[in-house]
Amino acid sequence: MSNQSEQVQPAKHRRGIYLLPNLFTTAALFGGFYAIVAAMSGRFTDAAIAVFIAMVLDGLDGRVARMTNTQSAFGAEYDSLSDMVSFGLAPALVMYQWSLVDLHTLGWFGGKASWLVAFFYAASAALRLARFNTKIGVADKRYFQGLPSPTAAAVMMGTVWVAPQFQLSGTTLMFPALVITVLTGALMVSNVAYYSFKDFDLRKRVPFFAVLLVLGIFVLIALWPSIVLYSLFVTYTLSGPALSVWRRWRKRWRNRAGAESRSEES
C-alpha cells in the first residue's frame, strides 16, 4: 500500500503545564489572598506588604517564563486571573476595611459610597486587565494605556502602609482614601499613556553615576521602605497626566509656530 492511503494520525495535545513560572504566579496569588485575610483580621500593614510582595512575584513570573522558554497560553490566563485578585480585589477590600468602611458614620449615603467606591476600583482593575489582554501585540510596547494595575495597587497599599508611621489612621484619612481609590481606578481605565520601560536595555553601557544612583535608591529603600516605595509609585502615577499635559502643550506650540511661520510667508 502506498503512503497516500495511510491515515494521518491527529496531533495529540500536550498535557500538563510548566511548573516554574506558574509557581511564581501562584505565590503572587497567595500574596493577594493573604492580604484579604490579614485585612479581615485588622492586620493592615501585613496586608499592604503582602500586596507589594505579590507585585515582585508578578514581575518575576513573566521574566522566568521568557528566560526558560516556558511561555504558554495557560500561563498568560493564569497570570491575568492572579493579577485580578492581587491588584484588583485585594487592594479594594483592604482599603475598604482600613478606611472606607468608616464612611458609614456619615449616614446612608456614606455607607453606600464606601463599598461602591471599592467596587469601582475592583471593576476598573478588571477592565484594565481585559483591555490589556486584547491589545497584546497591537499596542505600542513603549507605553501602557492607562495606569498599570500593580502601580494602582501600590498607591492604594502604600497609603495603608505609610499612614501609621505618621500617626494617621484610616478613620482620619477616609476622605483622602476615597479620593485615592477613585483616582487610581479612573486612571486605570483612562487613555493616559504611561512609559513602560520595556525598551530599556540593561545590557547597554551607562555612566558610572547611574550605578551610584541605583545604589542610593536601594539604600533608601532599605532605610525607609514604605516611604520610598510609596513616593516612587506616586511619582510614576503622576507622570502619566504630566506627560499628557506636556504633549498637548507641545502640540499647541508647534501648531502656533507653524501658523505664525505661514502668516509671515504670506
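Me: Which residues does Pro-91 touch, not counting residues up to four places away in sequence?

Reply: In this predicted model, Pro-91 touches Val-85, Ser-86, Tyr-121, Ala-153, Met-156 and Met-157 when residues up to four places away in sequence are not counted; a contact here means heavy atoms within 4.5 Å. Pro-91 itself lies in helix α3, where helices (H or I, at least four residues) and strands (E, at least two) are DSSP runs numbered from the N terminus. The C-alpha atoms of Pro-91 and Gly-32 are separated by 8.3 Å, although the two residues are 59 apart along the chain.

Me: Why does Pro-91 count as buried?

Reply: Buried means under 20% relative accessible area, exposed means over 50%, and partly exposed is what lies in between, with a 1.4 Å probe and protein chains only. Pro-91 has 0% relative accessibility, and therefore it falls in the buried class. Of the 266 residues of the chain, 37% count as buried.

Me: How are the residues numbered, and what limits apply to the model?

Reply: Residues are numbered from 1 along each chain as its sequence is written, and side-chain values use heavy atoms, with hydrogens and water left out. Since this is a predicted model, local features need pLDDT of at least 70 and side-chain atom pairs count only at pLDDT 80 or more, whereas totals for chains, interfaces and linings use all residues.

Me: What makes the meeting of Asp-46 and Arg-43 a salt bridge?

Reply: A salt bridge is a side-chain nitrogen of Lys or Arg within 4 Å of a carboxyl oxygen of Asp or Glu. The side chains of Asp-46 and Arg-43 meet at 3.4 Å, N to O, so the pair satisfies that limit. The structure holds 1 salt bridge. Asp-46, at 34% relative accessibility, counts as partly exposed, and Arg-43 is partly exposed as well, at 32%.

Me: Asp-58 is buried, so how do you know that it has no salt bridge?

Reply: Lys and Arg count as positive and Asp and Glu as negative, while His and the chain ends are not counted. The nearest side chain of opposite charge to Asp-58 is Arg-63, which is 7.5 Å away, and therefore the pair does not come within the 4 Å that a salt bridge needs. Side chains of opposite charge can pair when their charged atoms come close. Asp-58 sits in helix α2, residues 44–67, and among the residues it touches are Asp-79, Asp-83 and Phe-87.

Me: What is the nearest side chain of opposite charge to Asp-83?

Reply: For Asp-83, that side chain is Arg-128, 8.7 Å away, and Asp-83 too is buried without a salt bridge. Asp-83 is found in helix α3, residues 73–98, and it touches Asp-58, Gly-88 and Leu-129, residues up to four places away in sequence being left out.

Me: What makes Arg-63, Arg-66, Lys-141 and Lys-198 a positive surface patch?

Reply: Patches are made of residues with over 30% relative accessible area and no salt bridge, in which like charges are joined within 9 Å and nonpolar side chains (Val, Leu, Ile, Met, Phe, Trp, Tyr) within 5 Å. The place of a charge is taken as NZ of Lys, CZ of Arg, CG of Asp or CD of Glu. The four residues Arg-63, Arg-66, Lys-141 and Lys-198 form such a patch of positive charge. One of them, Lys-141, has 62% relative accessibility and counts as exposed, so it passes the 30% requirement. Lys-141 is placed in the loop between α4 (108–134) and β1 (143–145).

Me: How do you know that Val-206 is partly exposed?

Reply: Its relative accessible area is 48%, which is neither under 20% nor over 50%, so the middle class applies. Val-206 lies in the loop between β2 (193–195) and α7 (208–223). It belongs to a nonpolar surface patch that also includes Phe-208, Leu-215 and Trp-224, with about 890 Å² of accessible area together; such areas come from the Shrake-Rupley method, and for residues only the protein chains shown count as cover.

Me: Why does Gln-167 count as exposed?

Reply: The relative accessible area of Gln-167 is 72%, which is over 50%, so the residue is exposed. Gln-167 is found in the loop between α5 and α6, and it has a positive phi of about 60° although it is not a glycine.

Note on methods:
Areas by Shrake-Rupley, 256 points an atom, 1.4 Å probe, with all protein chains shown as cover.
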